[in-house]
Amino acid sequence: MAAKMLGIDIGTDSVKMAYVKGRRVACFVEAPLPDNAVKNGRIISFNALADVIRTMRRENRIRCKRASVSIAATNNIVVRRITMPKMTEEQLMVNMPYELHDFLNSDIKDYLFDYSLISMNEKDMTIMACAIGKSTVENFRIMAKIAGIKIEKIVPDVIALQAILPVQAETVPTQTTENRNAVKTESAESGDSSEEEIIAMTPREERRAKKKAEAEERKKAKQEAAAKAEARKAAEQAAAAEVPAAASSVSGMDPYSISAKMPWEMSAEERKESSESTGRKNDKNSESAEISAAGHPISDDGEMEHGKAKTQSNANGADVSGSSRQATSQTSAHDSDISGSSRQASPQPGARDFVILDIGHSGTRMYFYSNYTFEITRNIDAGSDRIVDIIARNNGMDKHAALTRLMTNQPSVMADPEVDDEVSNLVAQVMRSINFYGYNNLNNTIDRIYYMGSGIPTECYLKRLEEATEMNCEPVSDLLPEEARAAGINDGPQVYGCIVE
């Protein structure tokens with residue numbers, strides 16, 4: 001990594017900038033973009049962008065001119081993971097453009113190409129191929145001259161995020177004298193002493209432990225509720241089984257006897273025998289009721305009903321087995337129910353699959369990574385703009401005041417039913433995207449969501465997102481080294497990733 005460099009991320013509504021010295025982020029700043037400077041993720045006015053960057057450097061007294069820029073793939077950039085026969089670098093640079101040809105907007109001569117190697121065996125090689133339009137590179141060159149900076153790298157945002165994913169992921173903290181306390185316990189039986197090491201937990205580990213405990217409590221509560229429901233059903237079956245027995249007892253005869261007589265037609269000995277037979281049958285029915293109350297089926301019909309109770313149908317008719325699986329995925333009538341918990345049950349060893357959720361103002365982006373490698377991006381037409389419009393309309397204020405009320409998370413914001421519905425809509429769309437990805441990638445091991453962005457305060461959506469997906473939701477900044485976790489950097493961690501890439 002360079003000794004000093006600027007990391008710049010150009011978003012849809014703002015520009016984020018980090019001044020990095022070595023691996024330490026000296027400062028992180030963010031500034032809004034003028035209206036229509038960026039439209040649908042595509043930079044429209046490079047001159048306006050240059051003015052914003054120049055102003056940010058001047059106001060924060062940043063003299064460093066060397067810069068690495070992270071931009072969205074919508075800016076005439078194509079990123080694809082492709083597998084090709086094993087070949088030399090010269091052969092690869094000749095063949096790679098033709099592999100990407102179908103994804104380009106114009107002829108291959110209008111693009112510059114680059115790649116990074118993911119894996120290679122004796123026959124094949126898998127690479128992350130990238131193409132960027134020459135006109136886009138020229139526009140950035142002109143913009144950099146106006147802004148007074150020198151751009152050394154242009155990195156797609158998906159690659160910038162990928163660069164920070166493996167950092168500190170699933171690592172064990174180093175044991176030192178400061179974070180370790182030795183506690184001696186004596187065995188009551190042998191009197192031998194043993195030493196147990198208690199390792200201090202990091203804030204990230206504490207959050208994980210707390211979330212795991214809460215998930216276990218929810219799971220236990222669901223299991224208890226399911227057990228009560230099954231016991232109640234068994235009791236109802238037992239009560240239904242007692243009805244014919246009671247009827248037989250009242251009639252004073254065996255209902256299955258072909259030559260049954262009415263009581264007044266019987267002799268004294270016949271009435272006595274009938275009474276004893278009825279008593280034995282009642283004892284048998286009582287025993288059957290006790291077995292049913294214990295949760296076991298009485299007959300084939302009872303077993304069929306017991307089985308039906310375990311299988312329910314979702315909105316579009318797809319069967320979902322098990323109450324815990326049904327509780328994991330909640331989808332609309334137009335979406336297949338793909339259970340998140342069933343995918344987590346048997347993760348592939350060594351796999352590293354993530355979802356990064358970037359909630360912005362005009363929209364939300366979801367980045368899917370498989371084994372630390374970018375797979376696909378999903379765009380959701382839901383962000384803070386709709387919520388701001390609702391707040392402004394319902395409270396008779398302008399959008400700037402409404403945005404301030406949202407970002408400060410005033411209690412009255414979420415109390416508005418329309419705002420609450422909009423947040424619920426965002427959570428539902430995130431779930432649908434994860435379910436759709438799982439449907440097309442059955443071997444994925446996604447078990448957590450990393451969140452970033454400054455569109456909506458996390459207090460407004462994070463808890464319900466965790467409950468809906470039953471996944472851990474953690475800030476992307478947790479993946480950064482300690483010296484890079486500057487205040488606010490979770491709004492745009494690409495500024496660090498585009499430098500270390």
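These legends go with a handful of close-up views of the structure above.

This is a predicted model, in which local features need pLDDT of at least 70, side-chain atom pairs count only at pLDDT 80 or more, and totals for chains, interfaces and linings use all residues. Residues are numbered from 1 along each chain as its sequence is written, and side-chain values use heavy atoms, with hydrogens and water left out.

**View 1. Strand β1 and its two partners, β2 and β6.**
Let's start with strand β1, residues 4-10. Helices (H or I, at least four residues) and strands (E, at least two) are DSSP runs, numbered from the N terminus. Of the 7 residues in β1, 6 are buried; here buried means under 20% relative accessible area, exposed means over 50%, and partly exposed lies in between (1.4 Å probe, protein chains only). β1 pairs with β2 (residues 14-21) in the antiparallel sense over 7 bridges, where two strands pair if DSSP finds at least two bridges between them. The two make a hairpin, with 3 residues between them. Look for methionine 5, which sits opposite valine 20 in β2. β1 also runs parallel to β6 (residues 66-71), joined to it by 5 bridges. There, isoleucine 10 faces isoleucine 71 in β6.

**View 2. A sheet of three strands, β7-β9-β8.**
This one is an open sheet of 3 strands in the order β7-β9-β8, with antiparallel pairing. β7 and β8 stand at the edges with a single partner strand each, so one side of each has no neighbour in the sheet. The twist averages 25° from one strand to the next; axes are lines fitted to C-alpha atoms, for helices over the stretch in contact, and angles run from 0 to 180 degrees between N-to-C directions. Strand β9 (residues 124-133) is mostly covered, with 9 of its 10 residues buried. It's joined to β7 (residues 77-85) by 9 bridges, and β8 (residues 111-120) also pairs with β9 over 9 bridges. β8 and β9 form a hairpin with 3 residues between them. Isoleucine 127 of β9 is worth finding: it is the bridge partner of isoleucine 82, and leucine 117 stands opposite it too.

**View 3. Helices against the three-stranded sheet, and glutamate 99.**
In β9, cysteine 130 is the bridge partner of valine 79. Helix α2 packs on the sheet and touches β7, β8 and β9, its direction making about 110° with that of β8. Helix α3 (residues 134-147) packs on the sheet as well, touching β8 and β9, at about 60° to the direction of β9. Now find glutamate 99 in α2 (residues 89-100). Glutamate 99 counts as partly exposed because its relative accessible area is 37%. Leaving aside neighbours within four places in sequence, glutamate 99 is in contact (heavy atoms within 4.5 Å) with Ile82 and Met84. Its C-alpha atom is separated by 9.5 Å from that of arginine 80, 19 residues apart along the chain.

**View 4. A sheet of five strands with helices packed on it.**
Here's an open sheet of 5 strands with mixed pairing, in the order β17-β16-β15-β18-β19. Its edge strands are β17 (373-380) and β19 (472-475), and each pairs on one side only. Neighbouring strands are turned by 25° against each other on average, direction ignored. β15 (residues 353-359) and β18 (residues 448-452) pair in the parallel sense over 4 bridges, and leucine 357 stands opposite tyrosine 451 in β18. Helix α4 (residues 157-164) packs on this sheet, touching β15, β16 (364-370), β17 and β18, with its direction at about 55° to that of β16. Helix α13 also touches β15, β16, β17 and β18, but its direction makes about 25° with that of β16.

**View 5. Helices α10 and α13 side by side.**
The axes of α10 (residues 384-395) and α13 (residues 417-440) come within 9 Å and cross at roughly 175°. That makes the pair roughly antiparallel, since angles under 35 degrees count as roughly parallel, over 145 as roughly antiparallel, 65 to 115 as roughly perpendicular and the rest as oblique. Among the residues that meet are Ile387 and Ile390 in α10, and Val419 and Val423 in α13.

**View 6. Two buried cysteines.**
Cysteine 130 counts as buried because its relative accessibility is 17%. Cysteine 498 is buried too, at 0%. The structure holds 0 disulfides, a disulfide being a pair of cysteine sulfur atoms within 2.5 Å.
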